Amino acid sequence: MPHKITFKKSLIASALFFSALQVNAAGFQLNAQSATGLGRAFAGDAVIADNASVMARNAAAMALFEQTELSLGLNVIATEIDVSNASYQQQHLIAPGVGYSDDSNYSDAGDTSLAPNIHLIVPISEQFAVGANLYSNFGTKTEFDDSFVGSEYGGLTDVKSINLGLAASYRINKQWSVGGGLDIIYGQGKLEREVKVYSPINGQVIQSQEALNADASGFGLGFNLGTVFELDENNRFGLSYHYSPELEAKGDISFGGNTSKDDTLYMPLPDMAEFSGYHRLTDSLFAVHYSVQWIGWSAFDTLDSKAFGTINEYQWKDAMHFSLGGTYYLSNNWTLRAGYMYDQSAQDKVTSISVPDSDRQWFSAGFSYHFSNDSSLDVGATYLLGQDVSVTETTEMNKVEVSRITGTTHANAILVAVQYSHRF
């Protein structure tokens, strides 16, 4: 005789909401400020200053420009996200020991995103320069359709940001320059999760309930500081620091059968620090450059709601990027570049099906074609290779496990960028 199972909708939806918001804590930093940077895995990007996009990494490098320069670019980011060897189990609360289980593999959770950017540097005098830019520092998107078993762990996760930067630099002497600026950050996040109750007899969906629907956006104010030391025209170093604010995102949040109108989510973003070097041998056509970047992901400890308090706690860690690149000045018209980056994961003990994160390797190449001394077209491409990560996520209610999903995630990406730069 079939068992008749009844679920308390509000309780299970509330429990799954806390689990679902884990996915927003994965490392979602973007490196999409320029095509030249992408083509060298961003090695040396805080000091090379081959176009106006350098101000996004180090405002002090604006002091290296003698003419007004404008850079316009577009990055295309295509992610490949797979979930393999995955198993989903659901326990019935009314009848302990009775449940449902099934495979939960998925091969198309990635997405293709566009990230435009614009950078303008205007020298005011031999000592002062000012600049403005618009680009994105953070963003991620994954989407699982209705075929994914265990929809409370999948669904839609879409996080994006826009950074408006205003900066100035000052040349102290021939060796030292300093700079700084303000970052006005607009962020938007959308999360959708659904709970499906499966029949233990035939696996059919006998009940579904919206577990989460959150759509929030808001502004934050950050700042950045930097310095450049020029040993000579062929050897220089850059150091920069970016303070990222706690973003206050306002919007409607529905979960657990309740809706909070005009609620506020408080999401702390990570600070970043970067050291870069650039070295070109005298009369050589080749230059080597490198960067070490620190990203303070440990600041992303909790996600809080004004209406509901702490939504979830996280165990993320600070991460580092190490990149090495080379530039070959082939002729007056052609510049070739390549680079490699080792990119550490922001996740530690807590991992996620919906937004997989792992240590990554960047393999990058690019070129510039100079139409004249004042204009150039830049193209860059990167293949980002991730690692297999074992994931286990569970949902509990009153210390009783409601559901569990285990599996292996793997995320790769292809990034391609084009950019036009012009000096006036």
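This passage describes charged residues in the structure above, from salt bridges to a surface patch and one acidic residue in a strand.

The model is predicted, so local features are limited to pLDDT of at least 70 and side-chain atom pairs to pLDDT 80 or more, while totals for chains, interfaces and linings use all residues. Residues are numbered from 1 along each chain as its sequence is written, and side-chain values use heavy atoms, with hydrogens and water left out.

A salt bridge is taken here as a side-chain nitrogen of Lys or Arg within 4 Å of a carboxyl oxygen of Asp or Glu. By this rule, eleven salt bridges are counted. One of them joins Asp 45 to Arg 40, with 2.7 Å between the closest N and O atoms. Asp 45 has a relative accessible area of 5% and is buried (under 20%, with exposed meaning over 50% and partly exposed in between, for a 1.4 Å probe and protein chains only). Its partner Arg 40 is buried too, at 2%. Arg 40 and Asp 45 also belong to a network of salt bridges that includes Asp 50 and Arg 337.

Glu 274 and Arg 57 form a further salt bridge, at 3.1 Å from N to O. This pair links distant parts of the chain, 217 residues apart: Glu 274 sits in strand S12 (residues 272–280), and Arg 57 in the loop between helix H2 (35–39) and S1. Helices (H or I, at least four residues) and strands (E, at least two) are DSSP runs, numbered from the N terminus. Both Glu 274 and Arg 57 are buried.

Asp 343 and Arg 360 also meet in a salt bridge, their closest N and O atoms lying 3.1 Å apart. Asp 343 is in strand S17 (residues 334–343) and Arg 360 in strand S18 (residues 360–370), so this pair ties together parts 17 residues apart in sequence. Asp 343 and Arg 360 are both buried.

Turning to the surface, Glu 80, Asp 82, Asp 108, Glu 143, Asp 145 and Asp 146 make up a negative patch. Such a patch joins like charges within 9 Å, using residues with over 30% relative accessible area and no salt bridge. Its member Asp 82 belongs to strand S1 (residues 69–91) and is partly exposed, with a relative accessible area of 35%.

Asp 158, by contrast, is buried at 14% and lies in strand S6 (residues 156–171). Leaving aside residues up to four places away in sequence, Asp 158 touches Thr 140, Lys 141, Gln 188, Gly 189 and Lys 190, where contact means heavy atoms within 4.5 Å.

Key
Patch = residues over 30% accessible without salt bridge, like charges linked within 9 Å, V, L, I, M, F, W, Y side chains within 5 Å. Areas by Shrake-Rupley, 256 points an atom, 1.4 Å probe, with all protein chains shown as cover. Lys, Arg positive; Asp, Glu negative; His and termini not counted. Charge placed at Lys NZ, Arg CZ, Asp CG, Glu CD.
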